[in-house]
Amino acid sequence: MATLNILIAVCLGYVAMLFAVAFMAERAALRGRGNWLRSPWIYTLSLSIYCTAWTFYGAVGYAARSGLEFLTIYLGPTLIMVGWWWALRKMVRIGRTQRITSVADLISSRYGKSGVLAVCVTLLAVVGITPYISLQLQSVTLSFSSFAVSDAEGAELIATYDTALWVAVGLALFTILFGTRNLDANERHHGVVMAIAVEAVVKLFALIAVGVFVVWGLAGGVGPMMERIDASQIGQWQVDGGRWVGLTLLSAAAFLTLPRMFQVLVVENEDEGHLRTAAWAFPTYLMLMSLFVVPIAVIGLELMPPGSNPDQFVLTVPLSQGRDGLAMLSFLGGFSSATSMVIVAAIALATMVSNHIVMPIFLRLTQGGASGPSDVRHVVILARRMSIGVVLALGYLYYKVSGGGTALAAIGLVSFAGLAQLLPAMIGGIFWRGATRNGALAGLLVGFAIWAWSLLLPQFGGGALSPGVMEQGPWGIAWLRPEAMFGIEGVDPLLHAALWSLSLNALVFVVVSLISFPSPLERLQGAQFVNIFEHSSNPQSWSGGIAQSEDLMIMAQRILGPAEAQSFFQTEAARQGLAGYLPEPTPDFLARLERELSGAVGGATAHAMVAQIMGAATVSVEDLLAVADETAQMMEYSSQLEAKSSELTRTARQLRAANEKLTQLSVQKDAFLSQISHELRTPMTSIRAFSEILRDADGLQSKDLTRYASIIHAEAIRLTRLLDDLLDLSVLENGQVSLNIREGLLSDVISHSIAATGTDMHALRVRRVGPASEVMLNTDLDRLAQVFINLIANAQKYCDADRPELTIEVNRRGGRIIVDFIDNGSGIPPESQSMVFEKFYRVADRQAGGAGLGLAICREIMARLGGTLGYLPGQGGGAFRVSLPAAQRMAAR
Amino acid sequence: MKDKSIPLFLERRSYRQRRLMDAARLLPLLGALLWMVPLLWPRTQTVQSADAAAVSTSSAILYMFAVWIFLALAALFLSVMLDTKAEAQDSRDD
């Protein structure tokens with residue numbers, strides 16, 4: 001039986017071997033002999049940190065519990081890798097050209113180097129990864145105890161010492177040693193990558209060894225194995241369709257967004273060409289890793305006593321068969337899986353924390369720390385080391401708080417769902433130029449909140465959320481119940497949380513992006529990211545001509561280290577054809593320097609640092625935009641001038657029109673005056689003639705005398721009437737008339753008008769029809785009567801029928817009262833119909849009874865009363881229509 | 001990207017490269033489709049009549065891994081055929 005001491009010795013030996021490998025790789029890389037380090041195979045193997053202890057132990061447990069569902073965790077990444085031409089190729093290109101250092105850096109750079117977004121992504125990653133790290137600690141601890149079962153002394157040892165704590169401390173040390181040895185501008189860790197590649201081989205070999213032992217050693221070959229699989233309790237297809245699709249999608253999303261995967265996929269990538277090897281080699285690796293999972297699970301279920309932890313079958317099956325060596329190998333495989341994941345995850349998280357949280361705070365506190373006394377380089381490294389410690393401490397705490405009881409796979413999936421929240425912002429950012437910072441931020445917060453509420457907090461058992469909250473929701477709000485949000489119950493909790501958080505996240509992201517407006521830098525970065533294959537230049541344009549190179553050098557030395565900074569500056573100076581160490585601060589050089597720095601401290605910080613030194617000499621995008629704004633203003637001004645000149649043209653045209661009208665009016669006035677003088681002269685002439693006769697002629701008979709005097713009288717009356725009419729018309733036309741508004745019945749007005757014209761004495765017969773004559777009017781009744789009288793009198797004068805008859809018809813149409821005056825004469829000839837309302841117009845060859853002002857006056861009166869007067873053709877006689885606005889109420893009928 | 005110097009018809013070789021890129025884009029969709037086939041299989045819980053038995057795990061394993069191997073081989077074929085020049089061209093027309 002393997003004692004725990006041997007186990008610990010093997011463990012330490014293994015770690016020492018990893019140290020040696022990492023150290024040698026670093027040395028080789030430093031001496032430039034590390035070509036083999038940059039092979040696509042190392043890259044592919046380093047991707048295997050996707051397969052953590054979760055895969056190694058958890059997959060078998062998962063298979064023993066729910067059959068083939070465990071495959072989904074590997075199907076998603078396989079599809080992403082096979083589809084590298086879509087997303088991964090673009091991400092790697094962006095990562096390389098923009099010097100992206102982490103997933104937070106990617107998202108913040110894309111959305112205008114936003115610091116807030118970077119902090120949010122970093123926090124989300126820390127919260128999301130913590131359960132995952134605790135999962136690794138738990139699995140290592142479990143595997144120790146599996147060994148200890150057969151060793152009383154060991155069990156005692158396990159009980160005394162907290163294995164998880166020691167593992168955490170050990171891993172923190174290893175990570176600090178190799179993850180933060182150098183502050184490379186490329187943020188690449190050759191030693192760590194090499195160690196991971198070795199671990200990848202170890203874990204694959206261990207799992208396959210156990211698998212081979214199980215299939216050929218215990219089951220007796222492939223055929224019998226298959227029969228035993230079908231006979232076992234997981235012998236039939238039992239996967240829920242929703243979980244099958246959901247988990248595949250979730251694992252695909254997590255493959256892209258997990259910080260450690262981003263670290264090895266994008267940051268540690270040496271050459272884009274490596275992707276084409278990984279595209280098929282990594283799916284093969286995943287396939288081999290899952291090949292023997294089901295056989296091990298089935299044999300474990302058969303051999304092990306009921307109730308034993310299926311997560312440990314990889315270890316306990318060889319142990320129960322007395323294969324201590326195999327069990328030891330298997331233990332090392334699990335140990336490798338756990339350590340490699342923790343190391344890379346801790347490096348990735350530490351990079352994010354130090355670049356996006358610690359450094360901005362430090363720079364703000366020291367007020368231009370780049371030129372301050374403290375050594376930025378040390379601060380960065382210290383921040384990383386502390387971050388690594390904090391990340392591992394958090395993982396350990398989570399392990400302690402959550403009780404370490406949940407099945408491994410469940411914790412891993414919680415983590416996946418949390419990190420998947422980055423997917424909309426990430427994919428939207430590299431494929432959609434319309435995605436904005438506010439959209440990404442809002443989507444992230446919504447997704448994160450839902451995930452934490454419905455999936456993370458319930459993980460803590462009774463601690464974080466009381467059973468009451470789980471049952472009835474917070475404050476009794478049922479639709480906020482963590483596992484039945486919006487009232488939808490009975491869904492698998494993981495699927496439920498992933499569905500709501502991701503869909504609402506994406507929805508909010510898209511909607512807010514659509515309605516918000518990005519800043520200039522954001523739009524530039526968006527164009528750069530989305531069309532990465534078209535541009536390769538940095539969007540930032542720096543310029544300076546003053547002696548700032550020295551300041552830049554001082555800062556660069558602090559961050560990159562003196563040797564590296566000096567050689568960089570020397571190369572740059574040589575590129576510009578200058579000797580020495582100080583190149584001109586051309587935009588090109590500054591862009592390269594900023595990229596160089598962003599490898600060490602992140603894009604946003606590097607940008608801020610260069611900006612501080614370049615100070616006022618900086619031409620930022622905003623400045624350029626201000627220039628563009630001025631141009632736009634000038635263009636606007638000129639267009640305003642244009643508008644003004646066209647307005648002037650319009651005014652001139654209007655003036656011309658007004659002038660024409662005035663001329664016309666003047667002509668009209670002249671015509672009117674000549675008309676009037678003519679009209680006035682006719683009676684005047686006869687009055688003068690007859691009065692002269694009366695004065696000069698003697699011996700007139702009294703009969704003639706009377707006749708002449710009455711002619712003079714009649715003409716004088718006619719003259720007076722004409723003048724009255726003229727006065728009346730002028731008053732009406734000037735709008736000076738004062739109306740005497742009264743209430744009265746329309747029928748009364750008509751009766752009064754008929755009586756006033758004295759129709760009974762004439763041959764004209766008046767017929768009144770229409771139902772609506774009992775209408776109450778609210779108007780100037782006298783003026784209205786004047787109109788009616790004029791119309792009736794006209795009919796008397798001009799109706800040429802043998803038996804003249806006037807029909808007065810009252811109707812109500814819409815809101816108006818219509819009074820038609822229709823006679824049975826020959827009517828007004830069509831050519832005169834439009835003229836009858838003009839002043840002094842008389843229909844030809846009729847005996848002139850009036851001055852031709854009556855209808856003009858009537859029309860003016862009706863206009864004053866808010867009505868109209870018009871000629872109504874086609875009524876079989878002369879017909880005039882008066883239309884009036886109806887009064888508010890009807891008279892009693 | 002509109003570039004007037006790009007002729008309307010490509011050489012045969014470039015044409016072949018373009019179609020290989022199309023294939024590379026379509027491969028994950030094909031993979032997803034094939035792996036979603038198990039959604040159609042009867043499950044233990046849903047099988048009622050005796051004649052429609054649930055799919056056995058061994059045949060499920062055979063199917064899943066066959067698809068897996070096919071995808072890996074197809075990706076291998078495509079990554080060998082798609083040479084680095086293709087990417088340069090692709091970057092122009094993407």
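This text leads through a predicted model, beginning with the contact between its chains and then turning to the helices of chain A.

A convenient place to begin is the contact between chain A and chain B, to which chain A gives 39 residues and chain B gives 41 residues. The size of an interface is often given as the accessible area lost when the parts come together. By that reckoning, chain A and chain B bury about 3700 Å² between them, and 69% of this area is on carbon and sulfur atoms. On the side of chain A, the three residues Trp85(A), Trp237(A) and Arg276(A) supply 21% of the area that the chain buries against chain B, which is more than any other three residues supply. Salt bridges between chain A and chain B number 0, although the structure holds 17 of them over all chains.

One salt bridge can be followed within chain A, where the side chains of Glu572(A) and Arg592(A) meet at 2.8 Å, taken from N to O. Glu572(A) belongs to helix 26 (residues 562-575) of chain A and Arg592(A) to helix 27 (residues 587-601) of chain A, so the pair ties together parts that are 20 residues apart in sequence.

Elsewhere in chain A, helix 15 (residues 293-303) offers a second point of entry, beginning with its contact with helix 10 (residues 190-219) of chain A, where the two axes come within 9 Å and cross at roughly 55°. Because of that angle, helix 10 of chain A counts as oblique to helix 15 of chain A. The crossing of these two helices is left-handed, and the residues that make the contact include Leu207(A), Val210(A) and Gly211(A) from helix 10 of chain A, together with Pro295(A), Ile296(A), Ile299(A) and Leu303(A) from helix 15 of chain A. Sorted by class, this contact has 10 nonpolar residues, 1 polar residue and no charged residues.

Helix 11 (residues 222-231) of chain A also meets helix 15 of chain A, with axes that come within 10 Å and cross at roughly 65°, again in a left-handed crossing. Here Met225(A), Arg228(A) and Ile229(A) of helix 11 of chain A touch Val294(A), Pro295(A), Val298(A), Ile299(A) and Glu302(A) of helix 15 of chain A, and the residues of this contact divide into 6 nonpolar, no polar and 2 charged.

Finally, helix 3 (residues 53-66) of chain A packs with helix 15 of chain A at an angle of about 65°, their axes being 8 Å apart, and this crossing is right-handed. Ala59(A), Val60(A), Ala63(A) and Ala64(A) of helix 3 of chain A make the contact with Val293(A), Ile296(A), Ala297(A) and Leu301(A) of helix 15 of chain A, and by class these residues are 8 nonpolar, no polar and no charged.

How values were computed: Residues numbered from 1 in each chain as written. Chains lettered and ligands numbered in written order. Predicted model: local features only at pLDDT ≥ 70, side-chain atom pairs only at ≥ 80, totals over all residues. Heavy atoms only, no water. Axes fitted to C-alpha atoms, helices over the stretch in contact; angles between N-to-C directions. Helix = DSSP H or I, 4+ residues; strand = E, 2+ residues; numbered from the N terminus. Parallel < 35°, antiparallel > 145°, perpendicular 65-115°, else oblique. Left-handed = near helix turned anticlockwise from the far one by under 90°. Contact = heavy atoms within 4.5 Å. Nonpolar A, V, L, I, M, F, W, Y, C, P; charged D, E, K, R; others polar. Buried area = accessible area lost by both parts, 1.4 Å probe. Salt bridge = Lys/Arg side-chain N within 4 Å of Asp/Glu carboxyl O.
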